[in-house]
Amino acid sequence: MVIDYTINGIILISGAFLLMGVLMTKVSARAGVPSLVLFMVIGMILGSDITGLIYFSSAEIAQLVGVFALIIILFEGGLQTQWKNIRPVLGTSLVLATLGVLITTAVVAFAAYYVLDISVLEALLLGSIVGSTDAAAVFSVLAGQNIKGRISSTLEAESGTNDPMAMFLTIAIIQLILTPEASVFTMLGSFVLQMGVGAVLGLVLGLFASWTINRIKLNASGLYAVLSVGFAIFIYSLTAILGGSGLLAVYLAALVIGTRDLTHSYSIISFNEGLAWLMQILMFVILGLLVFPSQLAEWDLIWKGLILSLVLIFIARPIAVFASTIFFDYSLNEKLFMSWAGLRGAVPIVLATFPMLAGLDNSFLFFNVVFFIVLTSALLQGSTIPFVANRLKLNGKPSPKRIHSLELVSMDKANAEMLEVELTSKSPFAGQLVQTIGLPKQTLISAIIRSGRLVMPTGTTKLKVGDVLYVLTEKKQVSKVKMVLGEEDIVN
């Protein structure tokens, strides 16, 4: 088949990619298979080994696209994460993101040393590459699943903060392989510096970004979303140039921005959500193009990769979870679920390109093994998340659906603001009538979402736990309304 690689031909192929990617999300939902698997399969099918439509072997481009995609995915994940949900599990998440990665690396390295017959440093390199869970995989698989809030928040915060640890270990071990005389203590100091600079710049620049978004007056509302993406890329690159962890900075900055009251918040969140999906499709398709299926089909790779996958899933991850949570109040079922939900995805594959670019021996073996591990992890673990959660009785209540289009009244030039408030079991207004709340003048509860349905409120409407209220008020009264409603109940 002859492919027209003119400008129109390339545009046609790009459009076909996007259409297939979006349609695959529907197939993924119905088949119970994580979408990342289907995206990679598309890339593998289009690659040189099967149809031969596209020949792609550039690890440099794959790494560039992968890192850029991770920036967008982590930023979007941070925006969607509520600080009030993360705060109680922050300690657990950080321990999992550091000690958990180290334990996983060590256990997988021990198995790889004997299974692949490689050196100790090479085994540690492979262990570090697959040591972290993947934000793109965890965010996409947990989205829409009614997993109990504490568990899903722990997993999301872990996947958002453990990438820097795995990246540091990967780069450090590559340096040790290339330069045996390199100092381990110097590398430890570098790690502390990277994490410290990343954390500080992420928090500071997140505050600056949210302040700028609220203060700047742009001519078009869509530009606010573009501005937020610009901040994400800027925060990553500036932090990386200054010697910090750019990925950590991006995630923390997004957490800060997501907790602030932003103008055009829905436009920003929805735009970043769509962009994150676009980057997921692009990233996984390109990573699928980079692999050669004929090499994955070799029996020697299959049995070795399967052993390492099973070690990672059934030994390394559970040991890491149980050891990291030993001083935290989690039940046995919760620990078992967190062990099972430690999905691997794009991050290990992107990290597997680092040895290739460094020209290390066995780098192509590492890449193929990592790709095999990611596929088995996504298929075995990702497709059974709802089943395992149900068996362990960790399903929570369905979240009420939002009708964010109400935010359209919240314009810069209008003297109005729309607040979104969810009534929890701790809310003092649950069970009260609307007319008894005592809101300030020029303030109106415009709509209530109850169990996914729209309720038009009147003075005699009784509020219930789980209701999502949309409160319209004057901008100058926002602080006063929040004080009446309770700051911790504000969703956006």
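**Exercise 1. Classify A182 by its accessibility and describe its surroundings in this predicted model.**

*Solution.* The starting point is the relative accessibility of A182, which is 26%. Buried means under 20% and exposed means over 50%, with partly exposed in between. A182 therefore counts as partly exposed.

The next step is to place the residue in the chain. A182 lies in the loop that links α9 (163–178) to α10 (184–215).

The last step concerns its partners. When neighbours within four places in sequence are left aside, A182 is in contact with L176 and M187. A further distance can be given for A172, which is 10 residues away along the chain: the C-alpha atoms of A182 and A172 are separated by 9.3 Å.

**Exercise 2. Determine whether S377 and L380 are buried or partly exposed.**

*Solution.* Both residues must first be located. S377 is found in helix α18, and L380 is found in helix α18 (residues 363–380).

The cut-off for buried is under 20% relative accessible area. S377 has 0% relative accessibility and so counts as buried. L380 has a relative accessible area of 35%, and is therefore partly exposed.

The contacts of S377 complete the description. Apart from neighbours within four places in sequence, S377 touches I313, G342, L343, R344 and G382.

**Exercise 3. Identify the residues of the nonpolar surface patch that includes L380, and state which helix gives the largest share.**

*Solution.* The members are listed first: L306, L310, F314, I315, I319 and L380 form the patch. Together they have about 500 Å² of accessible area.

The members are then assigned to helices. Helix α15 (residues 299–324) supplies the largest share, 5 residues. L380, by contrast, belongs to helix α18.

**Exercise 4. Decide whether the radius of gyration of the protein chain agrees with that of a compact globule, and describe the chain as a whole.**

*Solution.* For 492 residues, a compact globule would have a radius of gyration near 23 Å. The protein chain has 24 Å, so the value agrees.

The extent of the chain comes next. Along its principal axes, the C-alpha trace spans about 75 × 60 × 45 Å. The secondary structure consists of 20 helices and 4 strands.

Burial and surface follow. Of the 492 residues, 53% are buried. The accessible surface comes to about 22,200 Å², and 66% of this belongs to carbon and sulfur atoms.

Finally, contacts between residues at least 6 apart in sequence are considered: 79% of them join residues at least 24 apart.

Technical notes. Residues numbered from 1 in each chain as written. Predicted model: local features only at pLDDT ≥ 70, side-chain atom pairs only at ≥ 80, totals over all residues. Heavy atoms only, no water. Patch = residues over 30% accessible without salt bridge, like charges linked within 9 Å, V, L, I, M, F, W, Y side chains within 5 Å. Areas by Shrake-Rupley, 256 points an atom, 1.4 Å probe, with all protein chains shown as cover. Salt bridge = Lys/Arg side-chain N within 4 Å of Asp/Glu carboxyl O. Helix = DSSP H or I, 4+ residues; strand = E, 2+ residues; numbered from the N terminus. Buried < 20%, exposed > 50% of the residue type's maximum accessible area, 1.4 Å probe, protein only. Contact = heavy atoms within 4.5 Å. Rg over C-alpha atoms; globule rule 2.2 N^0.38 Å.
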